[in-house]
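Work through these exercises with the structure open beside you. Try each task before reading its solution.

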Amino acid sequence: MNEERAILHSDLNSFYASVEMMLDPFLKGKAVAVCGSTENRHGIVLAKSDLAKKAGVKTGMVNWEAWQLCKDLIMVPPQYDQYLKYSKLTRAIYERYTDQVEPFGMDECWLDVTGSRVQGSPMEIAEQIRKSIREELGLTVSIGVSFNKIFAKLGSDMKKPDAITEITRDGFREKVWPLHCSEMIYCGPATTRKLAIYGINTIGDVANTDPAFLKQLLGVNGLSLWMFASGNDTSRVMQKDFVSSIKSVGHGITCTADLENEDEVFRVILELSQDVGHRLRIHGLSTRGVQIYVRGNDLFGSQFQCKLPYKTQLPGEIALAGFRLFHDKYRWAKNVRAVCIRAIDLVPKDAPEQLSIFDDTERREKRERMEDAVEEIRARFGKRAITCASLLGDLKIPCDGRDTVKMPGLMYQ
C-alpha cells in the first residue's frame with residue numbers, strides 16, 4: 001500500500017506589510033498599507049496589515065479611497081529588495097525539512113514532507129516551521145496540512161494569521177465541501193459565474209456534478225476542477241531548483257498621463273515591445289501569438305489576443321500585431337491608463353515552420369540582422385544608446401504586410 005502523501009502549504013501573513021512592521025517597530029500595532037506612489041500614478045494598495053484590513057482596506061484599492069476608509073492609515077512605499085530577502089530566508093527554513101519546495105509567488109510555498117517523518121508528523125513539522133519563522137524572522141505564517149496541494153492551499157486560507165489547519169482524507173467532505181467554489185484555487189470569477197448559472201455554488205456542488213457536464217461547460221478545466229473538488233488531485237510538488245518552461249513573455253506599464261489617442265498608444269506598445277523582443281532573444285524563443293491588456297482610466301481592463309502568420313522575435317512585428325489588435329478591438333469609452341503586451345504561444349527560435357510563397361524571407365532576414373546589430377550596440381553602450389526613430393516623433397513606419405493601416409500621425413505599410 002502506498003504511503004499517504006503529506007503536503008504543506010505555507011502562506012506568509014500580510015507579507016509586505018509584515019516585513020515593513022518588522023523592520024520599523026514604530027509601525028507595529030498600527031494600520032499599515034504598502035502602496036505605490038500616488039505621484040507616479042501607481043497609487044494603489046499592494047498589501048495591508050490586519051488592522052487596515054479590518055477597516056475595509058483592500059489590495060488593489062486606490063490610495064485616496066483606502067485613506068477615506070481608515071483615517072489612521074500609515075502608507076509606506078514598497079521595498080522589494082527586503083521582501084525578496086525575507087522570502088529567501090523563509091524558503092531556507094522550509095528546506096531544512098524537504099527539498100521539494102515549490103514557490104507560489106513570493107510569499108507562498110508548497111512543501112512535500114512525505115519523506116520527512118523522521119523529523120515528526122506533518123502537523124509537528126508544520127508547527128516547527130511556524131515557530132521557526134516567528135522566532136528567527138519575526139514573521140508569521142498560516143499553514144495548511146493535507147494529502148494534496150489543492151486542499152493544503154485551502155487549509156492555509158481557512159485560519160489566519162499564525163495558524164495551522166489540517167484537512168484529512170477522512171474529513172475533507174465536512175470541512176471543504178460547504179465552502180464556496182471560488183475559495184478553490186483555479187476557480188476564478190468567470191468560472192464561478194458560469195457554474196452559478198447551473199446552481200453549482202459550493203465545492204461540494206462541483207464534486208457532485210457529472211464530470212462530463214463540467215467538461216462540456218468548461219473544457220478540460222472542468223474536469224480538473226472536478227478532480228480537485230473530489231480530493232483526487234495528484235499534482236506533484238516540484239523540487240526547489242525546478243524551473244518551469246516559459247509560457248509567455250510580457251511587459252506592461254501604468255502611464256504617468258492618460259493616453260488620449262492611438263498615436264500615443266502605438267508609441268507605448270512599441271517601447272514595451274523592445275523589452276519583449278530582447279527577452280525572447282535571451283531565452284532563444286520566438287512567438288507565434290500576441291496578447292494585449294488595456295486598462296482605461298476607470299480601472300477596468302480588456303484583454304485581446306491573436307495568432308501571427310509566422311513566428312518572430314522582432315519588436316517591430318510584435319508591436320504592429322499588438323497595435324492592430326488594439327485598433328480593431330478597443331472602444332474609446334475611456335482614455336487609456338495602462339498597457340501590457342505579451343508574446344504567447346512560444347517556440348524555440350530555430351523551430352521549423354511552414355512558409356508562404358508571399359513571405360519576403362530576404363527582407364525578414366535583413367531585419368533580423370539589423371536587430372542583431374541593435375542588440376550588440378545596446379549591450380555595449382546601454383539600452384538607450386539606440387532606439388526607434390518613431391519614438392522620437394511622428395513618422396511613417398514601414399512594416400511587413402500588404403495592408404496599410406492609417407492612424408492619426410502614423411502610417412504602417
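**Exercise 1. A strand pair at the edge**

Which residue in β6 is the bridge partner of Pro-103?

Solution. The model is predicted, so keep that in mind throughout.
- Step 1. Find the two strands. β5 is joined to β6, residues 108–112, by three bridges.
- Step 2. Check the direction. The two strands run antiparallel.
- Step 3. Read off the partner. Pro-103 is bridged to Cys-109 in β6.

**Exercise 2. The five-stranded sheet**

Task: give the order of the five strands in the open sheet, and name its edge strands.

Solution.
- Step 1. Walk across the sheet. The order is β5-β6-β1-β7-β8.
- Step 2. Note the pairing. It is mixed.
- Step 3. Find the edges. β5 (101–103) and β8 (163–166) each pair on one side only.
- Step 4. Look at the twist. On average, neighbouring strands here are turned by 20 degrees against each other, direction ignored.
- Step 5. Add the helices. α4 (residues 80–94) lies across β1, β5, β6 and β7, at about 15 degrees to β6. α6 (residues 149–158) lies across β1, β5, β6, β7 and β8, at about 35 degrees to β1.

**Exercise 3. The faces of a helix**

Task: sort residues of α4 into buried and exposed, and say where the buried ones lie.

Solution.
- Step 1. Take the length. α4 has 15 residues and reaches 21 Å from its first C-alpha to its last, close to the 21 Å expected.
- Step 2. List the buried residues. They are Gln-82, Tyr-83, Tyr-86, Ser-87, Thr-90, Ile-93 and Tyr-94.
- Step 3. Look down the axis. The buried residues of α4 fall within an arc of 135 degrees, so they line one face of the helix.
- Step 4. Turn to the other side. There, Asp-81 and Lys-88 are exposed.

**Exercise 4. The three-stranded sheet**

Task: describe the open sheet of three strands and the helix α1 that lies across its strands.

Solution.
- Step 1. Give the order. It is β3-β2-β4, with mixed pairing.
- Step 2. Name the edges. β3 (45–48) and β4 (74–76) each pair on one side only.
- Step 3. Take the twist. Neighbouring strands of this sheet are turned by 30 degrees on average, direction ignored.
- Step 4. Zoom in on one pair. β2 and β3 run antiparallel, joined by three bridges. Val-34 stands opposite Ala-47 in β3.
- Step 5. Place the helix. α1 lies across β2, β3 and β4, running at about 110 degrees to β2.

**Exercise 5. Two nonpolar cores**

Which residues touch the most other members of the largest nonpolar core?

Solution.
- Step 1. Recall the tendency. In soluble globular proteins, nonpolar side chains tend to be buried together.
- Step 2. Name the residues. Of the 33 in this core, Leu-8, Ile-129 and Leu-139 touch the most other members.
- Step 3. Trace where the core comes from. The elements that each supply at least two residues include α1 (15–23), β2 (32–35) and α5 (122–137). The largest share, six residues, comes from α1.
- Step 4. Follow one member. Beyond its neighbours within four places in sequence, Leu-139 has contacts that include Leu-12, Phe-15, Val-19, Met-22 and Tyr-86.
- Step 5. Find the other core. A second, separate core has 29 residues, among them Ile-292, Phe-304, Ile-318 and Ile-341.

**Exercise 6. A hairpin and a buried isoleucine**

Is Ile-344 buried or exposed?

Solution.
- Step 1. Locate Ile-344. It is in strand β12, residues 336–348.
- Step 2. Apply the cut-off. Buried means under 20% relative accessible area. At 15%, Ile-344 counts as buried.
- Step 3. List contacts. Leaving out residues up to four places away in sequence, Ile-344 touches, among others, Lys-247, Thr-287, Gln-291 and Gln-305.
- Step 4. Compare sequence and space. Ile-344 and Gln-291 are 53 residues apart in sequence, and 6.8 Å apart C-alpha to C-alpha.
- Step 5. Visit the hairpin. Eight bridges join β10 (residues 285–296) to β11 (residues 301–312), and these strands run antiparallel. Thr-287 stands opposite Thr-312 in β11. Four residues lie between the strands of this hairpin, where Leu-299 takes a positive phi near 75 degrees.

Definitions and conventions. Residues are numbered from 1 along each chain as its sequence is written. This is a predicted model: local features need pLDDT of at least 70, side-chain atom pairs count only at pLDDT 80 or more; totals for chains, interfaces and linings use all residues. Side-chain values use heavy atoms; hydrogens and water are left out. Two strands pair if DSSP finds at least two bridges between them. Axes are lines fitted to C-alpha atoms, for helices over the stretch in contact, and angles run from 0 to 180 degrees between N-to-C directions. Contact means heavy atoms within 4.5 Å. The expected span of a helix is 1.5 Å times one less than its number of residues. Buried means under 20% relative accessible area, exposed over 50%, partly exposed in between (1.4 Å probe, protein chains only). The arc is that of the directions from the helix axis to the C-beta atoms. A nonpolar core is a set of buried Ala, Val, Leu, Ile, Met, Phe, Trp, Tyr and Cys residues joined through side-chain atoms within 4.5 Å.
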